[in-house]
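Hi everyone, thanks for having me. Please pull up the structure on your screens, and let's walk through it together.

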Amino acid sequence: MADRVAALSGPQGPRPRRRFSRRNIIIYGTLAVVAFYYLLPLYVMIVTSLKGMPEIRLGNIFAPPVEITFEPWVKAWAQACTGLNCDGLSRGFWNSVQITVPSVIVSILIASVNGYALANWRFRGADVFFTILIFGAFIPYQVMLYPIVIMLREIGLYGSLWGLVIVHTIFGMPILTLLFRNYFTSLPEELFKAARIDGARFWGIYFRIMLPMSLPIFVVAMILQVTGIWNDFLFGVVYTKPDTYPMTVQLNNIVNTVQGVREYNVNMAATLLTGLVPLVIYFVSGKLFVRGIAAGAVKG
Amino acid sequence: MIAFRTILTSTTALLAAGSAHATDLEVMHWWTSGGEAAAVAEFANAFDATGHKWIDGAIAGSGGTARPIIVSRIIGGDPMGAFQFNHGRQAEELIDAGLLRDLTGVAEAEGWKDIVNPPSLLDACTVDGKIYCAPVNIHSWQWLWLSHHAFADAGVDVPTNWDEFVAAAPALRDAGKIPLAVGGQPWQSAGAFNVLMVGIAGPDVLVRIYGDKDADLAAGPEMARVFAAAGDAREMSQGTNVQDWNQATNLVITGQAGGQIMGDWAQGEFQVAGQTAGEDYSCLPGLGINELIDTAGDAFYFPVVNDPDIAAAQDVLAATLLAPETQVAFNLKKGSLPIRGDIDLTAANDCMKKGLEILAAGNTLPATTILNTEDTNNQLNDLFVEFFNDTSITPEAAQERFVDIIANAD
Amino acid sequence: MSDRRPNRFFRNMTAKIAAVPMILTALCVFVGGTVWTIVHSFTDSKLLPRLRWDGLDQYERLWNTNRWIVSIENLLIYGLCSLILSLIIGFVLAALLDQKIRFENTFRTILLYPFALSFIVTGLVWQWLLNPDLGIQSVIRGAGWIGFTFDPLNNSKIVIFGVLIAGLWQGTGLIMVLMLAGLRGIDQEIWKASRVDGIPMWKTYLFIVIPMMRPVFITTLVIIASGIVKLYDLIVAQTSGGPGISSEVPAKYVYDYMFQGQNLGQGFAASTMMLLAVLVVVIPWAYLEFGGKARG
């Protein structure tokens, strides 16, 4: 079935192929080897997270657990004590959601409009600002920590959720703007011109043409932002207060203890649990990862 | 500085409007592992018993992670109620800028001058005669942990001092052991070197070099001996392929390594692994040569706030932290030594008891965090981690660079 | 009517308003923050940023520090390898996934998952895998090949390549996704046309598709390059800069001195040097990119 579809609309296939054609063996063979390299650390993490600490101390990282225990997972999610609070990662979960959702939406919205304006509505000086943004992509975050505190203080948003949303928007802006600008630039210009001739304006073209034609790049932007913001520790801890700390603060507290005893199994379980949300997003958003409809739209 | 003050005034004035008698006090610390969390709960319970409320702001990762948070909160005009630091020079700049509360009043009311032992701890909190921090525990670095199992395998007796240990190293090597486990992170190499320095050259040399920045002494023959010993230690540590200190400790626990120089917190790992001091492992304070310990440790500092309720709660917390019951409960769980000499720790384990005896005998020296700025300690970390991992650097060359760092330090 | 021939000011009005957040960010944060950093690099700020002038002392000390020099060398080696390999691997994987294969979603998620996990812990796993006593070396020796040696993280000569193994593992998934998005934006007609003309597939990729994807490649290049300049987590989690100082990188120098070492001035001086190096590359690039051809 899939092969037949490929033959009908596929870019490369001149004829329907057998499942075990040489080409397929090469493709799937390569992917299998690559997948092994990518999955090996995951295997070690999962196996470790299912062992007890005495077994881990024996030091065979590849061996499957002699006695499977889910206790590290339960502990990581609901029991691990970090400081006074003994409710594991679950404590910061909703905070993380509350931080991530608005930050992702706002940052992608602003950056995509930036990219659209830069690609299709260039105004005098736009290139200068764009160049500054590109430069900004290279500034190490930590260096900007204190100047941003001062700025947030001046506009009265220091310590609030919206302050943090602004920070994420600012630091996501360089890469995302570049991403959208370059994508929109590569779309066929005739499309834009035709819409202008039909009388569509700035927002009309953005919502009715650019947005639906750019689903893959919105997915990439979402992958970037969800991952970055969900996993962010530094901004979450510097620009908010304990009652709004994201989940990564608990993750850091579980994983990063300096003088205390380290529980590697709980560390692994906690990391895998924290990574689940971005992973689900990757998998689900894959449905949007379709071929752009640009091809059909420009004909004629 | 005036700017800081103004910010503080404006934000805390807002807070004051809604406050009641039972005050919430946000306390930031980096005690997050299981045992540490249990210890910190003792503080929190004692503080909550006074009618106030401890709001926990635990962030793991010690100084490097904590500092940007503390400084941001202060610059942002919204400081926490109290925060943990290693006492010593780390906070001197915050004190200079007038950002930290003067606790002299509490200290006098509670008689800290008489109870804090060793007195050098309180000195480390004192600037211009005023006390700015509340020390809560002592962690010492000067411990050599030895695996009985490893020495039995090598067919030699468990050494009782550094020289015997060095002499036993070839036998350990022949038995396929790493004589001395040193984890790859910079602070571990520098820490081990400082322990060697106290053991071999004695505490006075350390205090004169780090405290008085005596560059001539640093270039002298005593230090040359220390660097030669560090060369031995480097030789003995070859083959340690781990990063974390506790993985290195694990090599000692499993008998793959003969010993490790590490602070008293390593004890916890032996305990969790079900080992007994004296049977499975030994702990030698001061390398068995100079039986003394340094008094590194943790202290709480209190940012200046304009809300009188918060300030009152800060005073209560400071007094609570040093109260005898809290000290006993906290330090037993933390595995550290208490900062007052007038309390009874019968429940302590063997290695802790050794430490208590040394402390009672007054054989202490100030910690490097008290003598050096963090900048200097960081440079020393860089030097020693390079030295311990690169056999092409001779002890003499390392000493030259050491002298440079000391000569330029403040 | 005004839509077809708008006067200059009104045509761009909405775009200008929409770009206000960008302009503010560029000017206030990136320019303002950079100036702030540079100014403070000439001070002896320690724990708190303060304007106590110190001349060029921080820079003098910086360039006399062995660790800084090693850091720069490492960054150059790592950067070059990482840039080339990420681009090649990312593109090849994207091209493979674009062959209408089954389970594309699964493969894409497998390649991308390392990006989702916090590197504090995945770095530890790589530390174990590459550890000669625990990981791959011990397994292969256990299988009978006694002479096998693979200890990239514990050998100061090749440690930076050991870091690269994990770096590629973590980063290439994202590059692959970017490239895939770019491929999905390519006009289908191109493939049909090249097939009609009988051009082999690899030639179509190399001479037609890749040139068409130039904007995507530039995006990718900036993402990879900025990741390289900011390289920090990977090193901390795997080697802490070791053995010795043989895998130190500039960003780690900056943070260690800013926060751990309580010497903001030194950290700012180091970051100023980094930003200067970036400017030397970015400005000529912008000049070439925007100087000549203008569009719209």
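Let's start where chains A and C meet: 84 residues of chain A are in contact with 84 residues of chain C, where contact means that the C-beta atoms, placed from the backbone, lie within 7 Å. Which helix gives the most to the side of chain A that touches chain C? That is H2(A), with 13 residues. That side of chain A divides into 57 nonpolar residues, 23 polar and 4 charged. Here Ala, Val, Leu, Ile, Met, Phe, Trp, Tyr, Cys and Pro count as nonpolar, Asp, Glu, Lys and Arg as charged, and the others, Gly among them, as polar.

A quick word on the model: it is predicted, so local features need pLDDT of at least 70 and side-chain atom pairs 80 or more, while totals for chains, interfaces and linings use all residues. Residues are numbered from 1 along each chain as its sequence is written, and chains are lettered from A and ligands numbered from 1 in the order in which they are written.

Now find helix H4 of chain A, residues 71-79 (helices are DSSP runs of H or I, at least four residues, numbered from the N terminus). A:Pro72, A:Lys75 and A:Ala76 are buried there, meaning 20 or more other C-beta atoms, placed from the backbone, within 10 Å of their own. They sit on the same side of H4(A), because their arc, taken from the directions from the helix axis to the C-beta atoms, is only 95°. Their cover includes H2, H13 and H14 of chain A.

Finally, chain B: 58% of its 410 residues count as buried.

How values were computed: Buried ≥ 20, exposed ≤ 12 C-beta atoms within 10 Å, placed from the backbone. Helix = DSSP H or I, 4+ residues; strand = E, 2+ residues; numbered from the N terminus. Contact = placed C-beta atoms within 7 Å.
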